[in-house]
Structures are given as C-alpha cells and as structure tokens.
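User: Please take a close look at one helix pair in this model and describe how the two helices are arranged and what forms the contact.

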Amino acid sequence: MDTFMTSTQETWLWIGTAGMALGALAIQVVGHGMKESHHRVTSFFVCAIAACLYLLMAQGQGDIVVSKASLALTPLGVGADVSAELVYYARYIDWVFTTPLLLIGLLTVGLKPLTGGGESGRERIGLVAGIVGADVLMILTGLFGALSLDSTHKYVWFIVSCGFFLAVLALIWGPVRAAAAEQGAQTAALYNKLLGILTVLWFIYPVLWILGTEGTSTISLNTEVAVFTVIDLTAKVGFGLLLVTGIKKMSGAPAAAEKSAA
Ligand code: RET
C-alpha cells in the first residue's frame, strides 16, 4: 500500500521534467530549417506537454490517493478493512494528448498527401479518426483501471484498454503500412523503422502497468516510476528526434531516388 510520493520517485520525476524540457529544445534545434516543419511542431509539443505534466508530478500535484474503507460487524466486534493506493493520474493527462500526437507523427509519414480530396479524403479521415479514437479510449480506460481498487473492475478495464491498444496496432500495421509501402522505398523504410520502434516501446506500458501498483504490485512504485521515466523519455524524445532527423534526411535526398524506387 503506497500512499505517498517517496524521495526516489521525486528525483525520477525531476529527471523526467528536465529530460522532456531538454528534449523539446533538442527537437527545435535539430529540426531547425526543415521543410516539413509540422513534424518538428508535433514532436516539440509531445515533449512540452510531458515536461508540464512531469513538473506537476515532481511538485507533488499530479497524484491522488484512492482509498476504500469498509466496516463489518463480526462476532469479535467491528472489523475495519482499509485499502489505499497512490495513483499518478497526471500520466494519463500526458498520454491522452501525447499518444495521439505521436501517432499523427507516424501517420503523416505513412499516408501520402491527398490531392483533390473526394472519397479517398473521407476514407482517410475515417482511418485517422479510428486510430486516434481507439488510442484515446485506450488511455481513458487505463485510467479507469488505475483508479479501481476492486480487482475485478481493474482487470476488466485492463482488458478493455488492451483491446483498444490492439485496434491501434492493427490499423498502423495494416492499412497505414500498406499505404506507406506504396510511397517508395525510402518512405516505407522510415515508416517501418518508426513503426517497429513505436510498437516495441508501447508494449512496455501495459506490462509495466500490470506489474506495477496499478496492477499486481509485483514491482515497487519506486521502480515503476523510474522505468516509466526512462521509457517515456525514449518514446517521446528519442522517437521525436528519429522522426525529425529521418524526415530531414529524406527531404534532402534527391527526389529522383524516391521516384525510381517507387
Ligand atoms: C495502459 C493501461 C493498461 C493497458 C494498456 C495501456 C497502454 C498504454 C500505452 C501508453 C503509451 C504511452 C506513450 C507515452 C508517451 O510517450 C494505459 C498502460 C494497453 C500504450 C507512448
């Protein structure tokens, strides 16, 4: 039963705050002067949003204690059962904004620009809305699970959240990957590289959640906060830098190479 933020957690949360702020800065510097600047803008905001929410948590404002007390009359007198858990709710505010932005970063690599709109434009809107919608529901239902003290409720929400996660993966590995493959070898290679990295990193989140205090409490909250900080920095700063440098390199490459590969 963890009910307060320890100094180890506080240190990691300050490392997260500084890392995200420096990451935002690094993305601006590395992406300076790039042609497709929207990639720099989305990657910058992913880190800037995370920096604000890590600051909220480091200052002790991003957590709540969920608790439940029940009293029962027994032959021996009144028995009390209290359960309480510290939940960093701010993570979910971070993720509900940053995961759609990360996915949009990936989608703008995989999906080619539309000329004309029409039916294909509508299909595109449907695909993007489906991916972002499933992602937002994945995070929200994960929050519902984290706030549940009853283990049945918790695992129901975990399974629902995993279902939405699988839907996101099915769409980015299916139709979006197929669209990226039609855009030439260079774009397909960059998309596949980012897709592989994103998938591996994102799989760590539900595993950590279920092993941590939100799930089975197999690992301590100190370890969980430390590992989340490292994974968050990799999934946001590392991924953002890869995206920005990959796009910059590709726009610098002769267009003929892309066309001949197509
Ligand atoms: C939760 C709840 C349990 C089930 C699942 C989850 C998935 C979370 C993911 C989060 C990704 C976050 C990123 C943040 C920023 O970089 C919510 C832990 C499936 C995939 C990439």
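Analyst: In this predicted model, the axes of helix H4, which spans residues 118-146, and helix H5, which spans residues 151-173, come within 8 Å and cross at roughly 160 degrees. Because angles over 145 degrees count as roughly antiparallel, H4 is roughly antiparallel to H5. The crossing in which H4 passes H5 is left-handed. On the H4 side, the contact is made by Leu127, Gly130, Ile131, Ala134, Asp135, Leu137, Met138, Thr141, Gly142, Phe144, Gly145 and Ala146, while H5 contributes Lys154, Trp157, Val160, Ser161, Phe164, Phe165, Ala167, Val168, Leu171 and Ile172. Sorted by character, the residues of this contact comprise 15 nonpolar, five polar and two charged.

Two other parts of the model can be set beside this helix pair. Thr229 lies in helix H8, which covers residues 221-252, and with a relative accessible area of 1% Thr229 is buried, since the cut-off for that term is under 20%. Leaving aside residues up to four places away in sequence, Thr229 touches Trp12, Ile15, Gly16 and Tyr54.

As for the strands, E1 (residues 64-74) and E2 (residues 77-87) pair in the antiparallel sense over eleven bridges, and they form a hairpin with two residues between them. Within this pairing, Ala72 has Gly79 of E2 as its bridge partner.

Note on methods: Residues numbered from 1 in each chain as written. Predicted model: local features only at pLDDT ≥ 70, side-chain atom pairs only at ≥ 80, totals over all residues. Heavy atoms only, no water. Axes fitted to C-alpha atoms, helices over the stretch in contact; angles between N-to-C directions. Helix = DSSP H or I, 4+ residues; strand = E, 2+ residues; numbered from the N terminus. Parallel < 35°, antiparallel > 145°, perpendicular 65-115°, else oblique. Left-handed = near helix turned anticlockwise from the far one by under 90°. Contact = heavy atoms within 4.5 Å. Nonpolar A, V, L, I, M, F, W, Y, C, P; charged D, E, K, R; others polar. Buried < 20%, exposed > 50% of the residue type's maximum accessible area, 1.4 Å probe, protein only. Pairing = 2+ DSSP bridges.
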